[in-house]
Amino acid sequence: MKKYIVILLMGILNTHFVFSQNKFSDRLFANYEKYREEKIKNRRFNHVLVDSLLNEHRTEGIFKIQKVGESIQNRSLNLVSIGHGKTEVLLWSQMHGDEPTATMAIFDILNFFASNDFEEEKKILLDSLSIHFLPMLNPDGAEIFERRNALGVDINRDALRLQSPESKTLKRMRDSLDADFGFNLHDQSRYYNAERTSKPATISFLATAYNYEKDINEVRAKSMKLIVDMNKVLQKYAPAQVGRYNDDFEPRAFGDNIQKWGTSLVLIESGGYPDDREKQVIRKLNFVVILSALKSIATKSYEKEAISDYEKIPENDRMLFDLKLKGITYQIDDKSYILDIGIDQDENELQGEDFYFSGRVVDQGDLSTSYGYEEINASDLMLKFPEVYPKTITSEEELMKLDVPKLIEKGYLFVPVSEEMLQKEYSSFPLNLVSEDFKVKKELRPGIPANFILYQGGKVIQAVINGFLTQPENAGQNVLNSRSYY
């Protein structure tokens with residue numbers, strides 16, 4: 001009888017915990033805007049802003065913030081610590097300079113800890129854990145929004161040789177803390193999808209392998225179980241949009257080696273989400289899932305999860321386009337062919353915190369196993385190449401007087417302008433600007449700029465301008481920028 005009562009009580013307690021864990025993540029999700037760091041508004045920000053935010057947190061007195069290293073170009077690397085528990089947790093972000101989503105989330109998390117909310121949950125975290133954040137590990141790369149550091153090295157392939165000062169700093173922090181858990185926080189391409197689905201892999205996880213055989217020891221098993229717990233949290237907010245990254249062993253990578261050195265390593269890759277180019281939705285998901293994971297570690301709730309459930313998370317696949325035209329008709333020598341066309345809107349960096357798009361054809365043919373963030377059934381449409389407007393424009397005033405919808409309806413997507421007006425590779429005008437002697441290359445091949453007219457019964461229905469699909473009357477709103485061609 002006593003044994004039965006004990007089992008019953010344990011079941012009640014476990015059920016209560018599950019409810020409280022769910023309640024924790026739901027409250028985080030619902031109250032996120034209270035903690036969102038408003039000074040970080042988009043993905044492109046630099047070390048100056050990070051440093052100023054850390055200085056603000058220094059005045060709060062609840063964090064220990066210390067400079068622990070410098071980048072090649074002498075930008076500071078800082079460790080932010082909170083908590084006094086026995087379990088050491090190290091989180092680092094942006095070891096690739098153009099992967100900033102988790103850096104944004106870390107500052108949201110710091111605001112959470114600095115608030116007067118969630119006192120009961122924060123007490124559990126801070127009594128059980130010592131939490132250490134190393135935000136923006138590659139500030140030199142972040143300065144120009146580039147993957148590699150100032151040495152031209154991928155920091156995540158420098159775990160053995162340790163030639164970069166940023167690499168040495170991360171290794172020293174891991175070793176000095178003898179971290180029990182590590183969070184390696186990255187961004188992946190927005191074109192990854194959850195395997196065999198049209199859903200983007202908004203968040204992907206990996207419990208890194210520590211040898212070529214991909215063995216599972218106690219250290220890696222903890223990573224897997226924790227990921228299973230984190231996946232359950234994310235399924236509530238991004239259902240079917242979680243992937244599992246390839247776990248082939250990479251002997252030079254930090255994640256693989258940190259697992260090998262005895263730290264249970266969770267790699268988080270932030271991918272894509274519809275209408276979220278600046279990854280603000282994904283930033284929120286990082287905030288929720290990282291704090292939920294910290295509570296899972298503090299309460300050891302992850303221990304109840306089954307390793308076999310880790311393998312059930314769909315693998316990452318790269319079968320997404322920004323735009324997919326399905327079943328469009330294309331003619332060569334008066335013969336008609338049916339094609340799918342996959343188009344991406346590539347980002348091109350500018351100085352400062354800006355960029356422009358260049359749309360291009362990525363693939364064509366039978367793309368029935370691929371998907372698009374935006375898809376149209378083009379089975380009743382015919383694709384033709386656009387023409388060049390017959391008059392050269394010599395001033396901005398003259399350009400602004402053009403009737404863009406009418407030009408598109410006549411098949412014109414290129415406008416010749418004077419040499420003085422072709423000073424940049426892109427334009428805010430919704431039609432492409434070209435030099436006076438520009439000729440349209442009318443050959444459909446992967447890699448070409450994505451500029452097409454879509455006809456139905458001889459009438460222009462839609463156009464693709466620099467990779468953006470639009471109706472003629474909406475080009476000014478739908479085409480985020482056009483291109484200049486010389």
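This section describes the pockets, one helix and several loop residues of a predicted model.

The largest pocket encloses a volume of about 950 Å³. Its lining is made up of 40 residues, and those nearest the centre are E99, R147, D187, Q188 and S189. Four elements, namely β5 (181-187), α8 (254-260), β9 (264-270) and β12 (335-349), each contribute at least two residues to this lining. The largest share belongs to β12, which provides four residues. By class, the lining of the largest pocket comprises 19 charged, twelve polar and nine nonpolar residues.

The second largest pocket holds about 370 Å³ of space. It is lined by 15 residues, of which R190, D275, Q345, E374 and F468 are the closest to its centre. Two or more lining residues are given by each of β14 (371-377) and β22 (468-470). In the second largest pocket, the lining divides into seven nonpolar, six charged and two polar residues.

Helix α6 spans residues 165-177 and thus has 13 residues. The distance from the first C-alpha of α6 to the last is 18 Å, close to the 18 Å expected at 1.5 Å a residue. Within α6, the residues E166, S167, T169, L170, M173, R174 and L177 are buried. These buried positions lie on the same side of α6 because they cover an arc of only 165 degrees around the axis. The partners against which the buried residues of α6 pack are the strands β1 (64-70), β2 (76-82), β3 (87-93) and β4 (129-134), together with the helices α5 (139-143) and α8. Helix α8 is thus a packing partner of α6 and also supplies at least two residues of the lining of the largest pocket. Just after α6, D178 adopts a positive phi of about 50 degrees.

Backbone geometry was also examined in the loops. Most residues other than glycine have a negative phi. F145, which is not a glycine, nevertheless has a positive phi of about 50 degrees. This residue is found in the loop between α5 and α6. F145 has a relative accessible area of 10% and is therefore buried, the cut-off for burial being under 20%. R196 likewise is a residue other than glycine with a positive phi, in this case near 60 degrees. The position of R196 is in the loop between β6 (193-194) and β7 (203-206). With a relative accessible area of 65%, R196 is exposed, exposure being assigned over 50%.

Two further loop residues were considered. Y192 is found in the loop between β5 and β6. Its relative accessibility is 18%, so Y192 counts as buried. Beyond residues up to four places away in sequence, Y192 touches P200, A201, Y245, N316, D317, R318 and L320. The C-alpha atoms of Y192 and I106 are 24 Å apart in space, and these two residues are separated by 86 residues in sequence. K401 occupies the loop between α10 (396-400) and α11 (404-409). The relative accessible area of K401 is 66%, and K401 is therefore exposed. Between K401 and D346, the C-alpha to C-alpha distance is 29 Å, with a sequence separation of 55 residues.

Note on methods. Residues are numbered from 1 along each chain as its sequence is written. This is a predicted model: local features need pLDDT of at least 70, side-chain atom pairs count only at pLDDT 80 or more; totals for chains, interfaces and linings use all residues. Side-chain values use heavy atoms; hydrogens and water are left out. On a 1 Å grid over the protein atoms alone, a cavity is a set of points where a 1.4 Å probe fits but cannot get out, and a pocket is an open set with protein on both sides within 12 Å along at least five of seven lines; lining residues have an atom within 4 Å of a point. Grid points are joined across faces, edges and corners, and a volume is the space filled by probe spheres set on the points. Ala, Val, Leu, Ile, Met, Phe, Trp, Tyr, Cys and Pro count as nonpolar, Asp, Glu, Lys and Arg as charged, and the others, Gly among them, as polar. The expected span of a helix is 1.5 Å times one less than its number of residues. Buried means under 20% relative accessible area, exposed over 50%, partly exposed in between (1.4 Å probe, protein chains only). The arc is that of the directions from the helix axis to the C-beta atoms. Contact means heavy atoms within 4.5 Å.
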